[in-house]
Amino acid sequence: MKSLDIHKSEYLKQFETQTYGRNLFRTQEEERLDAPNEECGIFGMYSDNDLDTFSLSQFGLFALQHRGQEACGISVLKNGKITNMKDEGLVLDVYKEIPDPETFMGNSAIGHTRYTTAGDKKKYNFQPFFAKNEYDQIILSIAHNGNLTNAKELKAELEAEGVVFRATSDSEVILRLIQKNLDLGLRGAIKMTMEKIEGAYSVVGMTRNKFFAFRDFNGIRPLVLGAIDEKSYVVASESVALDAVGAQYVRDILPGEIVYTNENEPGKLHSYMADEKKGKQRICSFEYIYFARPDSSLENINVYEIREKSGEKIWQQAPVEADVVIGVPDSGVPAAIGFAKASGIPFRPVLIKNRYIGRSFIVPTQEMRERVVNLKLNPIISEIKDKRVVIIDDSIVRGTTSKRLVKILKDAGVKEIHFRSVSPPIIAPCYLGIDTPSKDDLISANMTIPELRNYLGVDSLEFLSVENLKEILGSANHCFGCFTEQYPVGKGEEVELFN
């Protein structure tokens, strides 16, 4: 019989042509309710020469599809003119709606895959955002990943000065502040904006003759820099987008750094630190546990290796006797492999994915919605029946998905279930670009571990400790707010930004 063991290279290769899905047990509704949902993905490129920006931006954004599936948009600079296209849907669906690809081929492009964190789900909130002059020409366009904590206050100030807002997203605050201060020059306008806004932000943008990118002073949301050649640059949320367009990773954009081009020196990328004293490294730790694709590297740390080490570490923290280790596809698999390596308990890819299933089932009853899960993932019963199973998942949020998973395993005849979460208990919401439920809905904020073990109906339950997570990451210089309720910046308004 062919071994069911899975290797790292085989596991990672699948995501080159197929969209990465984190926890495939979640129904579409649960992805909204029972998960810390992705922020957004941003992509930008600039060249002194004309590029096929239509194709390359499509490849880059497809690689970032896991960061947002609600909407997609691009802005392209061609012969001093910026053209914008954005619509609801997945990357490939939106690009299919572009009637003339030639219109979107130029020497610079920015793009965005959206998941709502601030602002409602209306088309006017889709990115990139753009500003026009009195001749109805786009003069500035940006794409933003993150969340501002003082957006409501800044919006009120700008409106008092006569600035008109067209969306209900915090990202438009960034756009209008840069637009307002363009008389200081592009770099001066960005620096002034960074001095006023608070929270988490990674931004790519363009004017009619410049390309730019910048990152908040804590570097909470990721932003990487790559190069296709000496005069062609790429900036993206994750390094997988660089790989997708054939760019070499150069480095991460630094906290508080602005990179930009100058029309007087075509093909050269400049760097400027907005405030040398304020820059600190506090990248979101959950990027490594859950959000980023496993074949990405952030801050020179390989995401897959962190996830595999998390499995090894939780075995050391909470060993258990068992017969089989399984991981919830896709995000739980590397940790399950690590747990198996450390423990000697065999890993088996027992949960089989249906790769042809879409997200568009319309089912009117709860009973039928439950059955959709088994269409997405089906267990190989012979591999787990009458066996002691360790199930590895990336996190437990509301607990509803985990409870259903336990039921599926019990229905398959599993003898014992030992549940391991390779994130610490999530006890607080995020205010910095992740859409998490309120504290009242976070099960670990309202139950002890013994209570949660009883609720799930498992034989044992363990979470990776915060200290062990810091050890795996090699540093405490990360944001651990959702695990500790201590954030690198103030929470700001705990209300909808633009009620």
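Colleague: Before Asn107, what does contact mean here?
Modeller: Contact means heavy atoms within 4.5 Å. The model is a predicted one.

Colleague: Fine. Which residues is Asn107 in contact with, leaving aside neighbours within four places in sequence?
Modeller: On that basis, Asn107 contacts Met45, Tyr46, Ser47, Asn49, Asp50, Thr53 and Leu77.

Colleague: And where is the place of Asn107?
Modeller: Asn107 sits in a loop, with helix 4 (91-96) on one side and strand 4 (108-114) on the other.

Colleague: Why does Asn107 count as buried?
Modeller: Its relative accessibility is 17%, so Asn107 counts as buried; the cut-off is under 20%.

Colleague: Switching to Cys40. What does UniProt place there?
Modeller: The UniProt record, an unreviewed entry, puts the feature "active site" at Cys40.

Colleague: Which strand is Cys40 found in?
Modeller: Strand 1, which covers residues 40-47.

Colleague: Is Cys40 buried or exposed?
Modeller: Cys40 is buried, at a relative accessible area of 5%.

Colleague: What is Cys40 in contact with, again without the neighbours within four places?
Modeller: Cys40 has contacts with Arg67, His112, Thr113, Arg114, Tyr115, His144, Asn145 and Ser237.

Colleague: Now the open sheet of four strands. What is the order?
Modeller: The order is 17-20-21-22, and the pairing is parallel. Strand 17 (324-327) and strand 22 (460-463) are the edge strands, each pairing on one side only.

Colleague: How much are neighbouring strands of this sheet turned against each other?
Modeller: By 20° on average, with direction ignored.

Colleague: How many bridges between strand 17 and strand 20?
Modeller: Four bridges, in the parallel sense, with strand 20 spanning residues 388-393.

Colleague: Which residue in strand 20 is the bridge partner of Val324?
Modeller: Val389 is the partner of Val324.

Colleague: What lies across strand 21 and strand 22?
Modeller: Helix 10 (residues 303-317) lies across strand 21 (416-421) and strand 22. The helix runs at about 125° to strand 22.

Colleague: Ser310 next. Where is Ser310 found?
Modeller: Ser310 belongs to helix 10.

Colleague: Buried or exposed, that Ser310?
Modeller: Buried: the relative accessible area of Ser310 is 5%.

Colleague: What does the side chain of Ser310 reach?
Modeller: The backbone oxygen of Arg307, at 2.5 Å.

Colleague: And which residues does Ser310 touch, not counting those up to four places away in sequence?
Modeller: Ser310 touches Ala335, Val422, Leu464 and Ile472.

Key: Residues are numbered from 1 along each chain as its sequence is written. This is a predicted model: local features need pLDDT of at least 70, side-chain atom pairs count only at pLDDT 80 or more; totals for chains, interfaces and linings use all residues. Side-chain values use heavy atoms; hydrogens and water are left out. Two strands pair if DSSP finds at least two bridges between them. Helices (H or I, at least four residues) and strands (E, at least two) are DSSP runs, numbered from the N terminus. Axes are lines fitted to C-alpha atoms, for helices over the stretch in contact, and angles run from 0 to 180 degrees between N-to-C directions. Buried means under 20% relative accessible area, exposed over 50%, partly exposed in between (1.4 Å probe, protein chains only). A polar contact is a pair of N or O atoms within 3.5 Å; within protein, one must be able to donate a hydrogen and the other to accept it, and residues adjacent in sequence count only if both atoms are side-chain atoms. UniProt positions are given in the numbering used here, feature names are shortened, and annotations may be inferred rather than shown by experiment.
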